[in-house]
2 protein chains.
Amino acid sequence: MATLHLAHWAVNLQHSTLPQSVLLAARRSLYNYIGCTIGGSNHPTVQKAQTALSPFFGPATSTLLGRHSKIDAQHAALLNGIASHVHDYDDTHLATIIHPTGPVASALLAYVEFQKEAVSGGELLTALTAGIETSCKLGLALWPSHYDVGWHITSTTGSIGAAVAVGKVMGLDAERMAHAIGIAATQATGLREMFGSDTKSFHPGRAAQNGLVAALLAREGFTSSSAALEAKRGWGNVLVSGGEPQLERFLGELGSVWEVERNAFKPFPCGIVCHPAMDGGIQLHGEVKGEVEGVEVRVHPLVLELTGKKTPRDGLEGKFSVFHGVAVALLFGKAGPAEYADGVVRDSKVVALRDKISATADEGLRADEAFVTVVLKDGTRLEKHVVHAIGSLEIPMTDEQLTEKFVDQCELVLGKEGARKASEGAWAIGDVGDVASAVKGL
Amino acid sequence: MATLHLAHWAVNLQHSTLPQSVLLAARRSLYNYIGCTIGGSNHPTVQKAQTALSPFFGPATSTLLGRHSKIDAQHAALLNGIASHVHDYDDTHLATIIHPTGPVASALLAYVEFQKEAVSGGELLTALTAGIETSCKLGLALWPSHYDVGWHITSTTGSIGAAVAVGKVMGLDAERMAHAIGIAATQATGLREMFGSDTKSFHPGRAAQNGLVAALLAREGFTSSSAALEAKRGWGNVLVSGGEPQLERFLGELGSVWEVERNAFKPFPCGIVCHPAMDGGIQLHGEVKGEVEGVEVRVHPLVLELTGKKTPRDGLEGKFSVFHGVAVALLFGKAGPAEYADGVVRDSKVVALRDKISATADEGLRADEAFVTVVLKDGTRLEKHVVHAIGSLEIPMTDEQLTEKFVDQCELVLGKEGARKASEGAWAIGDVGDVASAVKGL
């Protein structure tokens, strides 16, 4: 009954009964998504995909965020989805490391602009919430074996979240919603082997497009299975890959435990595991007066496993280097997309400081904890213990910090004034009467 | 090295060195594909998908087979792929039960018409062979655990075969071919839970589109992984689902054992397991003179497991009923798409005979073997032992039988004269200088 339960829950979800804290969390997720997508919109990965696929573009209805241009809704979902993830700067549902908003919002915004009837900000946030809850609950149900074996959980769950969100805005009945879920479920995009290549961010883009297509087909009466998630050879059992899917348990909590409230936002555009050490570096930035002899970093073992690259050669590799992250944090007191430009990763001052950093794995630390110690030539030791990193659930980014992150990354694409205007528009979108006309300005 | 090995093999494959028997098998596979795709082109499943997605169609370059109209290449690959499979009448690589030509040829033909340079029939058959070998070798490498756990092996392997075929016609170098393989591999469409719904035939269609998109992206320099198939968290290990992938072994046989030669063609548009019994029914058709008291069918146990529906209610259910299959075989001496129309499944004469059929599972029989006994009211017993069913590798369909199958199903779409002309065009396509101009007539 998991599929039908999810379908009924989504169909019956109402804006008027959503807790304020849920709506606020959805609004922050959407805002952060728009900033990341604009920030990623001129990335070479997006450009290559656009060049390859533009000969197939259909009627231009839907905005490419940050580009002030429209393309067809399917390709807009795909390209915006790629852009949302390409800087590894998007949101993280910490319990599953799903980046939930990218696939869901990319499909949703593309569809809202495509269709004729006006959709209000409230309807948008409701549909977005339905999609995010779907992706995260499904992720929890298959966690951790699904991710461990090698699936990119953001996209394997994201296509279903996207289908539910678009289906919600379409007003599908529960039967068609279940078919939409099934059509999305049967398109399991995303292998972790692709991490480090253009295809990593293709995954959430394709998930958005797959979910959109699923809802469109289901609306037309295209059938799949009303037991798509829970059947013996359905999504859960096939994709759990050796584990035991817990669909009943987690889908049973829909509407009582809200996953969107457990969605966190990255302060830095790189692997989340190195954020605590970088937070320590930023906190020490103002205190370092004098020449640095060495830097000692003590972190959770996963940090070195995932981001242990000693000598990154470009911006992409820099994202997998806690050494680069701490170096720019100490040097510049910030670590936005600009600090991950190829030129910065190769800058002699950055490289010199990076080479002075040593890191130790400590099993006794939590994943969001770190010690950073700067030793100056004169023997002074400056130490910082980060108990919880900025961006964790304990120390969430404030709205002001989210705004700073938004403007900081959008400036590189839209300029200062454009970024400020986009930020205002993105914060307001939950209140507008017609989302489509608000989106086209972004 | 599996990914790079496959990429190099495909890039280096040459028409001039392909054995004649391989080219002949490829030509028969293509011919059968075209017939099935035209035959399926007006099916409601295809129509629903077309209606749902037509608002997104881009420039019309590529033929919808059987419709005398063009749409953009991506959607042509999708819709032709759906049509190729929708009657369950397509080819079968018996060792893996992959239907290999649908995804590969749908992508290939759509791309050939899209691009500017003329592609010859020989080049087409070479690329088709590259794609079919790819799909089938990959299927063998993951067989049987991949299928057993619930993957629709036709589409999970088909996207990669399609990418290789399109990449071959594009002239990708080995590096980009490897990336195309990876982009296709990361899109694992097809859960068996969808069998019996519209989404089953969506699978090969989407595989065709995914493979086409993979090749287009790779040509533009979009990267994936050059170890996409064999890496720890790559396609083979993730999708084998508990088994042990045998990539080295089977990809090592590329070019020495040709899978396209082991591709069989269905004489009847239904599950292949009930073909032996239906073959027996057809052989007895002329002999039954007098009223039938009962029919006894003895078959391999899988027949009743997969096609044991006693009282099918429509054409789709009829495909999963050995009882319906044997009834029409005995009554009409044939079993084409016309015999699976809803009206025939509900016809009182068919139902009356069907109800007289009893079936027994016999573990001692091979899957392509059956005994059919008709008992007449006067006590006469007519018995037929089918040692190998028509359409098996031992008793392959002749070119004449393939032509009859083609014309029989295309007649329902194109009329008698149109079907005959299409058949001539489809047989000739391997010899033409410009495939695109030949395809647009189909």
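This is a short tour of chain A, from the whole chain down to one residue.

The model is predicted, so local features need pLDDT of at least 70 and side-chain atom pairs count only at pLDDT 80 or more, while totals for chains, interfaces and linings use all residues. Residues are numbered from 1 along each chain as its sequence is written, chains are lettered from A and ligands numbered from 1 in written order, and side-chain values use heavy atoms, with hydrogens and water left out.

**Stop 1: the whole chain.** Select chain A and show it as a cartoon. You'll find 20 helices and nine strands; these are DSSP runs (helices: H or I, at least four residues; strands: E, at least two), numbered from the N terminus. The C-alpha atoms fill a box of roughly 75 × 50 × 40 Å along the principal axes.

**Stop 2: inside and outside.** Color chain A by accessibility. Buried residues make up 62% of its 442 residues, where buried means under 20% relative accessible area, exposed over 50%, and partly exposed in between (1.4 Å probe, protein chains only).

**Stop 3: Ala7(A).** Select Ala7(A), which sits in helix α1 (residues 2-12). Is Ala7(A) buried or exposed? Ala7(A) is buried, with a relative accessible area of 0%.

**Stop 4: its neighbors.** Now add Ala174(A), Met177(A), Ala178(A) and Ile181(A): Ala7(A) touches them, leaving aside residues up to four places away in sequence. Contact here means heavy atoms within 4.5 Å. Try a distance label too: Ala7(A) and Ala178(A) are 171 residues apart in sequence, but 5.3 Å apart in space, C-alpha to C-alpha.

**Stop 5: back out.** Show contacts across chain A. Among those between residues at least 6 apart in sequence, 76% join residues at least 24 apart.
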